[in-house]
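Thanks for coming. I'll go through one model today, starting with a single contact and working outward.

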Amino acid sequence: MKTLKIANIPGDGIGKEVVPAATEILKTLSDIHGGLRFEFTSFPWSCEYYLEHGKMMPEDGLERLKDFDSIFLGAVGNLKLVPDHVSLWGLLIKIRREFEQVINIRPAKVIDGVRSPLLNPKDFDLIVVRENSEGEYSSVGGKIFQGEDEIAIQNAIFSRKGTERAMRYAFELAKKRRKHVTSATKSNGIFHSMPFWDHVFEEVSKDYPEINTDSQHIDALSAFFVTRPERFDVIVASNLFGDILTDLGAAIMGSVGIAPAANINVNGKFPSMFEPVHGSAPDIVGKGIANPIGQIWTAKMMLDHYGEEELGGILLNVIESVTRDGILTPDIGGKYTTKGVTDEINTRLKAIDKKGNNAEFIIK
Ligand SMILES: NC(=O)c1ccc[n+]([C@@H]2O[C@H](COP(=O)([O-])OP(=O)(O)OC[C@H]3O[C@@H](n4cnc5c(N)ncnc54)[C@H](O)[C@@H]3O)[C@@H](O)[C@H]2O)c1
Ligand SMILES: O=C(O)C[C@@H](O)C(=O)O
Ligand SMILES: [K+]
Ligand SMILES: [Mn+2]
């Protein structure tokens, strides 16, 4: 029996609604598999925790997390209680950095039964490799002067190591896919870091002659995400560009509520963290209508990470069978609740035998 120790951090807002939903699904998947067990431990670290303790997680929080196999996180942020940069840097970004989760992989593809806002969407299937440890997200800088002379300085950090690492990850991924990597740049406007980015991309690409490449400025690339997403395979992007592109990728799929993500520790020293693209969605919190698919699909990425691709594949098939049958939350045009969609996925999974086949509805 393989046991995976998972640290659940539901976090804030709808994180508290979708993490329990996806956890329930993981338990069912464990039953289907027969040889895989999850051991969940839940941590209450969040903005509410901050109000009580003055920090987003306890001093020894990372120490308590480091021996888990994975972290399964919902979302962080409640602007009514804590400024966003304080909550994110105190929990989400802190974990990403301290645990050297230097790569954030975020796929976007057409899902059966989920209508894209694009008029004639072709069958796109792309994946953004977001540099997850440096770039525009930095605490280097400061503020000087007051009043009308006030100045804020924010430095971006692009290291050779971090840049090359993200790019090599993208190339390796492309080898297993359609063998194309697009670099998201802005070397016409950003004077130092982006010409450097281009230079490293050119160098790295020489090691991968079998992979086709192109380089697009982020503004044009964003437009192409809308006008011809089917032409992308793997896109490598800096921290901020990757952040923006992946909300856009989620939007063209139909909703940010269905988009999955994985923060990968590539050196094996610390656990990876699995959390969907979306945030705490304060506008719908407590209504019971958060789409659980982003978090559940994120669970599939966690399974893939442990080589359980077959089980992950079954889960994605069941998700698509549910969306195809119109069992949808309001963000994608339906009337179902978080519970309604989760229960349906769960029921259909339970109908699958131990070998993971024989379920009529998962055969396309
Ligand atoms: N990784 C993270 O934890 C993360 C990511 C993004 C934003 N945030 C934080 O979340 C808070 C809100 O941020 P925001 O409004 O910019 O982004 P958001 O992703 O929370 O919400 C954007 C829009 O998408 C909708 N949405 C998001 N997830 C959904 C779901 N599962 N089902 C249905 N609809 C969904 C929301 O209702 C909202 O209309 C902020 O505090 C922000 O800092 C955290
Ligand atoms: O900016 C961030 O990384 C937080 C959030 O927007 C995300 O995409 O995870
Ligand atoms: K999230
Ligand atoms: Mn984001």
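Arginine 96 and glutamate 275 form a salt bridge, with 2.7 Å between their closest N and O atoms. By salt bridge I mean a side-chain nitrogen of Lys or Arg within 4 Å of a carboxyl oxygen of Asp or Glu. The two partners are 179 residues apart: arginine 96 sits in helix H4, and glutamate 275 in the loop between strand E12 (272-274) and helix H9 (293-305). Helices (H or I, at least four residues) and strands (E, at least two) are DSSP runs, numbered from the N terminus. Over the whole structure the search finds 24 salt bridges.

Some housekeeping. This is a predicted model, where local features need pLDDT of at least 70 and side-chain atom pairs count only at pLDDT 80 or more, while totals for chains, interfaces and linings use all residues. Residues are numbered from 1 along each chain as its sequence is written, chains are lettered from A and ligands numbered from 1 in the order in which they are written, and side-chain values use heavy atoms, with hydrogens and water left out.

Arginine 96 also belongs to the surroundings of ligand 2, together with Leu88, Leu92, Arg106, Arg130, Tyr137, Asp243 and Val277. Near here means that a heavy atom of the residue lies within 4 Å. Which side chains make polar contacts with ligand 2, that is, pairs of N or O atoms within 3.5 Å? An N or O atom in the side chain of arginine 96 is 2.7 Å from an oxygen of ligand 2. For aspartate 243 the distance from a polar side-chain atom to a ligand 2 oxygen is 2.8 Å, and for arginine 106 it is 3.0 Å.

Next, ligand 1. It has 21 residues around it, and Asp84, Gly279, Ala281, Asp283 and Asn291 come nearest. Aspartate 283 places a polar side-chain atom 2.7 Å from a ligand oxygen. Two contacts use the backbone: alanine 281 to an oxygen of ligand 1 at 2.8 Å, and asparagine 291 to a nitrogen of ligand 1, also at 2.8 Å.

Now the domains. An automatic or database assignment gives domain 1 (1-104 + 259-364) and domain 2 (116-253). Their contact (heavy atoms within 4.5 Å) takes 15 residues from domain 1 and 18 from domain 2. The C-alpha centres are 25 Å apart.

How much area do domain 1 and domain 2 bury between them? About 1300 Å², 61% of it on carbon and sulfur atoms; that is accessible area (1.4 Å probe) lost on being put together, summed over both parts. The rule finds zero salt bridges across this interface, but seven residue pairs in polar contact, both residues at pLDDT 80 or more; within protein, one atom must be able to donate a hydrogen and the other to accept it, and residues adjacent in sequence count only if both atoms are side-chain atoms. On the domain 1 side, helix H4 (84-98), strand E4 (103-109) and strand E11 (262-264) each give two or more residues, and H4 gives the most, with four.

Terms used. Buried area is the accessible area (1.4 Å probe) that two parts lose on being put together, summed over both.
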